[in-house]
Amino acid sequence: MAHQSAMHSNFGVDYVITYRFADTSNIEARDGFTSLMQALARAGLATEVRNGDNCCLLVFVKVGSEKRFAQEVYRS
């Protein structure tokens, strides 16, 4: 029963970003990932990162602050 409910849940995650770095240098991958994480944090989004397959990271994103996120969306 718990397994079926888990399959229909997103565990509180709003977005998943696959960050692939197979075709980039270590420095480019690091700098790009740092920029991504900083941009998400500035937008008021909370993140959690896990290893993915084949030179990729999975970035799980959820809205950390509804108010701040709404302000960022309005400004964009």
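## Salt bridges

A salt bridge is taken here as a side-chain nitrogen of Lys or Arg lying within 4 Å of a carboxyl oxygen of Asp or Glu. By this criterion, a search of the whole structure, which is a predicted model, finds 2 salt bridges. Side chains of opposite charge can pair when their charged atoms come close.

One salt bridge joins the side chains of R30 and D31, with an N to O distance of 3.2 Å. R30 counts as exposed because its relative accessibility is 51%, and the cut-off for that class is over 50%. D31, at 38% relative accessibility, is partly exposed. Another salt bridge links R50 to E48, where the closest N and O atoms are 2.5 Å apart. R50 has a relative accessibility of 45% and is therefore partly exposed; E48, at 42%, likewise counts as partly exposed.

## Sheet architecture

The sheet is open and consists of 3 strands in the order β1-β3-β2, with antiparallel pairing. β1 (15-20) and β2 are the edge strands, each of which pairs on one side only. Neighbouring strands are turned against each other by 25° on average, direction ignored. Strands of a sheet pair through backbone hydrogen bonds, either parallel or antiparallel.

The antiparallel pairing of β1 with β3 extends over 6 bridges. Within this part of the model, R20 has C56 of β3 as its bridge partner. The helix α2 lies across β1, β2 and β3, and runs at about 160° to β1.

## Nonpolar core

Which residues make up the largest nonpolar core? This core has 7 residues in all: M37, L40, A43, L45, V59, V61 and V63. α2 (26-42) and β3 each supply at least two of its residues. The largest share, 3 residues, comes from β3.

M37 is a member of this core. Not counting residues up to four places away in sequence, M37 touches T47, V49 and V59. Of these contact partners, V59 also belongs to the core.

## The loop between β2 and β3

The loop between β2 (45-51) and β3 (56-63) contains G52. N54 lies in this loop, and C55 is found there as well. G52 is partly exposed because its relative accessibility is 26%, a value between the limits of 20% for buried and 50% for exposed. Leaving aside neighbours within four places in sequence, G52 is in contact with L57 and L58. G52 and R20 are separated by 32 residues in sequence, yet their C-alpha atoms are 9.0 Å apart in space. R20 is the residue whose bridge partner in β3 is C56.

What is the sign of phi at N54, which is not a glycine? N54 has a positive phi of about 50°. C55 has a positive phi of about 60°, although C55 is not a glycine either. As to solvent accessibility, is N54 buried or exposed? With a relative accessible area of 68%, N54 is exposed, whereas C55 is partly exposed at 41%.

Terms used:
Residues numbered from 1 in each chain as written. Predicted model: local features only at pLDDT ≥ 70, side-chain atom pairs only at ≥ 80, totals over all residues. Heavy atoms only, no water. Helix = DSSP H or I, 4+ residues; strand = E, 2+ residues; numbered from the N terminus. Buried < 20%, exposed > 50% of the residue type's maximum accessible area, 1.4 Å probe, protein only. Contact = heavy atoms within 4.5 Å. Core = buried A, V, L, I, M, F, W, Y, C linked by side-chain atoms within 4.5 Å. Pairing = 2+ DSSP bridges. Axes fitted to C-alpha atoms, helices over the stretch in contact; angles between N-to-C directions.
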